Amino acid sequence: MRLWIDGQCLQTASRLRGIGRYVTEFLRAIADNHPEVELSISFNASMPEKALQARDVVSTFIASRNIHVWHGATTGGEAVEGYTPERQLDELAIAHHVNCLSPDVALSASPFEGDISRVVPLLPVRECRVPVASIFYDAIPYRYQDRYLSSASVRAYYHRRLSAYSSFADNLCISEFSRSELESIHKGASAANIAAGVSRDFLEIVPNPRFDSNLYGDFILYVGGLDWRKNVDVIIRALGRLEKSSPVRNLKLVLAGNGQSLLVQELMMHWRREGLPADRFLYLGHVSDEQLVSLYRNARVLIQPSFMEGFGLTALEAICCGTPVVAARAGALPEVVGTEELLFDPSSPEDLARVLAQV
C-alpha cells in the first residue's frame, strides 16, 4: 500500500508540541513495523527553511525519493486573513499534487494547521481523487469557545475546519475520549481510536550527564504549555495548602515546556501570593529529550492538571520512566493513568493537595 502524508504540521510550531511528536512517531512506527506500506510525504515549499528542517526529521524513515514539496500562494493564516482566494486555490493545488503522486490513501495529519501561518492542509475536496483520512486530536476550542474562539475570523476558520471531519473517508482518533468527542459533534462520521504511545527511542534515551536534575532536590514536575486550559495555577494553590496543613513540605515546582513570558510572570505572582519561597519555583522553558527524561526520572511526581486533553502524552512518558503521575479527572487523562486514586478534580486545589499528600 502507498500512503501519502501531509507533513506541514512539521513546519509549524506544532513540531515542538504533542502533534509534531505524535505524527513523527506514528510514521516511524509504520515504517518500522509495516514494510508493506510505502510512505511518502510532502512539505510546503513556501516555507523553505522549515521544509528543510522537517525533511531532516523524516529522512531516517522515509526514502528521499518519497519526500516531496508543493508550492502554495497563501501568505498568511486563515484565522487572521480569512478564507482568501489564494487559500482556496491552494486547497486545489495540494489536491492536484496528491493526485499526481497517486497514493492509495492520503493522510491529513493535522487539518487545523494554518490558523496563523501560510500552511494549507489537505482537506476532503471533491477534486482530490484519492481517499483522504485525518488524525483527530481534540475539540478543545469547540468546548471552550469563549476562551479560544474570541473573534469572528477565528470562529469562521475553526468551524470550517471542524466541519471537514464529517467528510474525511476515515478519522483516526488518539484516544477513546477524542473518538467520542468527534462522534458527538459529527454523528455518523467514521472514527476509530488508534491511541498513542511512547516511542522506543524515548525509552532508550540516556539522560544528559551535564544536566543533573537531582540538584533540584525534592520537586514536583509539570511538562507542557501554560495557557488557561493547562490549569497550572491549581498546582500552585495545592502546594500552598500543603505547605500550611500537611507534613509534605519544602517541595519545589519545576515547569518545563514552551510558555509566554507574561504567563510565567503571572504564575510567579500566584506563587508569591501563596507565601511560597521564590527559590522553589523553577521555570526551565523548552528542554531537550535527554533533559526531559532526567526530569521525569528524578521528580517525586508529575502533575497533569489540564481541564481537557485529547490524550496526555506527558503523563504516559512519565509513567514509562517510573514516575508517579497525578492527573485531572478530565478528558482522556483517566484512560492514560488508569488508577482512580491518582485522579483529582481539576477545579479543586484541595482535592489535588489531598491526592499529592497521599502519593
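Ser108 of β4 has Ser134 as its bridge partner in β5. The two strands, β4 (105-108) and β5 (132-136), pair in the parallel sense over three bridges, where pairing requires that DSSP finds at least two bridges between two strands. Helices (H or I, at least four residues) and strands (E, at least two) are DSSP runs, numbered from the N terminus. The model is a predicted one, in which local features need pLDDT of at least 70 and side-chain atom pairs count only at pLDDT 80 or more, while totals for chains, interfaces and linings use all residues. Residues are numbered from 1 along each chain as its sequence is written, and side-chain values use heavy atoms, with hydrogens and water left out.

The pairing of β4 with β5 belongs to an open sheet of seven strands, ordered β3-β2-β1-β4-β5-β6-β7 with parallel pairing. Because β3 (67-70) and β7 each have a single partner strand, they stand at the edges, and one side of each is left without a neighbour in the sheet. From one strand to the next, the twist averages 25°; axes here are lines fitted to C-alpha atoms, for helices over the stretch in contact, and angles run from 0 to 180 degrees between N-to-C directions. At the β3 edge, β2 (residues 38-44) pairs with β3 in the parallel sense over four bridges, and Asn44 has Trp70 of β3 as its bridge partner. Helix α4 (residues 85-101) packs on this sheet, touching β1 (2-6), β2, β3 and β4, with its direction at about 150° to that of β3. Further along, β1 and β4 are likewise joined in the parallel sense, over four bridges, with Trp4 matched to Ala106 of β4.

Helix α4 also holds Asn99. With a relative accessible area of 10%, Asn99 is buried, the term being used for values under 20%, with exposed for over 50% and partly exposed in between (1.4 Å probe, protein chains only). Not counting residues up to four places away in sequence, Asn99 touches Glu127, Cys128, Arg129 and Val130, contact meaning heavy atoms within 4.5 Å. Val125 is found in the loop between β4 and β5. Beyond its neighbours within four places in sequence, Val125 is in contact with Glu91 and Ala95. The C-alpha atoms of Val125 and Ser167 are separated by 8.7 Å, although these residues are 42 apart along the chain.

On helix α8 (residues 176-185), the buried residues are Phe177, Ser178, Arg179, Glu181, Leu182 and Ile185. These residues pack against β5, α5 (140-143), α7 (152-164), β6 (170-173), β7 (191-193) and α14 (333-337).

A second open sheet has six strands in the order β10-β9-β8-β11-β12-β13, again with parallel pairing. Its edge strands, β10 (281-285) and β13 (343-344), each pair on one side only. Strand β12 (residues 325-328) meets β13 in the parallel sense over two bridges, and Ala328 stands opposite Phe344. Two helices can be followed on this sheet. Helix α10 (residues 233-245) touches β8 (219-223), β9 (252-256), β10, β11 and β13, and its direction makes about 170° with that of β9. Helix α12 packs against β8, β9, β10 and β11, its direction making about 135° with that of β8.

Within this sheet, Gln304 is placed in strand β11 (residues 301-304) and counts as buried at 2% relative accessibility. Leaving aside neighbours within four places in sequence, the contacts of Gln304 include Tyr222, Val326, Ala328 and Phe344. The side chains of Gln304 and Ser306 are joined by a polar contact of 2.8 Å (a pair of N or O atoms within 3.5 Å; within protein, one must be able to donate a hydrogen and the other to accept it, and residues adjacent in sequence count only if both atoms are side-chain atoms).

Aromatic side chains add further links. The structure holds eleven aromatic pairs, defined for rings of Phe, Tyr and Trp (its six-membered ring) with centres within 6.5 Å; planes under 30 degrees apart count as stacked, over 60 as edge-to-face and the rest as tilted. Phe202 and Tyr296 form an edge-to-face pair, at 6.2 Å centre to centre and 70° between the planes. Phe202 lies in helix α9 (residues 200-203) and Tyr296 in helix α12 (residues 289-298), so the pair ties together parts that are 94 residues apart in sequence. Both Phe202 and Tyr296 are buried. Elsewhere, ring pairs link Phe112, Phe136, Tyr158, Tyr165 and Phe168 into a cluster.
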